[in-house]
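Work through the exercises below with the structure open. Each task is followed by a solution in steps.

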Amino acid sequence: MQTEKSKKYYFIREEVSQEIVLLPSQYLMHKMRAKGSPNTIKRSALVISYYLNYLSENQLTMEDVWNMKYEKQQEHFTDFLIYTKERYGETEYVFVKKDDPTKPYQYGMIQAQVMRMIRQKDIRDDNGELLKFGTHIFRHCYGKKLTELHIEDWMIARLLGHKTLQSVHHYRRIGNKVMADETRKTREKMDLILMDIIKGWDGYEL
C-alpha cells in the first residue's frame with residue numbers, strides 16, 4: 001500500500017523479490033481511478049493476494065489455470081476451497097472476506113472480477129457474444145448436481161433455501177450426458193432384443 005495525499009494505492013508484490021505484479025496491480029489502480037470504495041479496493045487487494053499466494057504455493061500461474069481443461073479447473077477450484085477451509089475452518093459462506101471470514105464476499109465483487117477475466121480472455125458463448133456471468137450459476141450447478149444424484153425434491157428445496165417445491169423442476173432438466181449414461185444399459189438390452197428379432201427375418205442381412 002502507498003499513500004499519496006489523502007489517497008491510498010494498493011499494489012500486489014511478489015513475496016520474495018517484492019516486484020509489483022503488473023496485472024492485478026493495474027486492476028486495483030483502475031478501481032481507484034474509477035472512485036471505487038476504499039474498503040472494497042482493500043478487500044479486493046487482500047483476496048487477489050490470497051489467491052496468488054495459493055497459486056504460488058502450488059507452482060501455478062493464472063495462465064496455467066486458464067489453459068486447464070474444464071474438469072481440471074473444477075478440481076483446481078475444489079482444492080482451493082479445501083485450502084480455504086483448512087485456513088479459516090468452518091464458515092457459513094463459500095466466499096468469505098479474508099480479513100473477516102464470518103462475513104460473505106460481496107456479490108458485486110465476485111461478478112466484477114469474473115467478468116473482467118472473461119473480457120481479458122475474450123471468452124464467448126455459442127452466439128459469439130461475450131459470456132454472461134452471474135453468481136447464480138453456482139446455485140444452478142449445485143441444484144442440477146443434486147437432481148443428478150436423485151435427491152428428493154423436498155431435500156433439494158431445503159438445501160437451496162426454497163420455501164416450496166415449485167422452483168425445483170427448473171433443476172430437473174436432465175443433461176444429455178446424464179441421460180445417456182443412465183439409459184445406456186437399457187438401450188444395450190433393447191439392441192440385443194432387436195438383434196434377435198432381426199435374425200429371424202428371412203432375407204434380411206445386418
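**Exercise 1.** Determine the handedness of the crossing of helix 2 and helix 4, and classify their packing angle.

*Solution.* The model is a predicted one. The crossing of the two helices is right-handed. Helix 2 covers residues 38-57 and helix 4 covers residues 70-88; their axes lie 11 Å apart, at an angle of about 110°. Angles of 65 to 115 degrees count as roughly perpendicular, so helix 2 is roughly perpendicular to helix 4.

**Exercise 2.** List the residues through which helix 2 and helix 4 meet, and sort them by character.

*Solution.* From helix 2, the contact takes in Tyr50, Tyr51, Tyr54, Leu55 and Glu57. From helix 4 come His76, Phe77, Asp79, Phe80, Tyr83, Thr84, Arg87 and Tyr88. Sorted by character, the contact residues are 8 nonpolar, 2 polar and 3 charged.

**Exercise 3.** Describe the ring pairs that involve Phe80, and state whether Phe80 is buried or exposed.

*Solution.* The count of aromatic pairs in the model is 3. In the pair of Tyr54 and Phe80, the ring centres are 4.9 Å apart and the planes stand at 55°, so this pair is tilted. The pair joins distant parts of the chain, since Tyr54 belongs to helix 2 and Phe80 to helix 4, 26 residues apart.

Phe80 also pairs with Tyr83: the centres are 6.3 Å apart with 20° between the planes, a stacked arrangement. Both residues are in helix 4, 3 residues apart, about one turn of the helix. Ring pairs thus link Tyr54, Phe80 and Tyr83 into a cluster.

For burial, the cut-off is under 20% relative accessible area. Phe80 has 16%, so Phe80 is buried. Tyr83, also with 16%, is buried, and Tyr54 is buried as well.

Key. Residues are numbered from 1 along each chain as its sequence is written. This is a predicted model: local features need pLDDT of at least 70, side-chain atom pairs count only at pLDDT 80 or more; totals for chains, interfaces and linings use all residues. Side-chain values use heavy atoms; hydrogens and water are left out. Axes are lines fitted to C-alpha atoms, for helices over the stretch in contact, and angles run from 0 to 180 degrees between N-to-C directions. Helices (H or I, at least four residues) and strands (E, at least two) are DSSP runs, numbered from the N terminus. Angles under 35 degrees count as roughly parallel, over 145 as roughly antiparallel, 65 to 115 as roughly perpendicular and the rest as oblique. A crossing is left-handed if the near helix is turned anticlockwise from the far one by less than a right angle, and right-handed if clockwise. Contact means heavy atoms within 4.5 Å. Ala, Val, Leu, Ile, Met, Phe, Trp, Tyr, Cys and Pro count as nonpolar, Asp, Glu, Lys and Arg as charged, and the others, Gly among them, as polar. Rings of Phe, Tyr and Trp (its six-membered ring) pair if their centres lie within 6.5 Å; planes under 30 degrees apart count as stacked, over 60 as edge-to-face and the rest as tilted. Buried means under 20% relative accessible area, exposed over 50%, partly exposed in between (1.4 Å probe, protein chains only).
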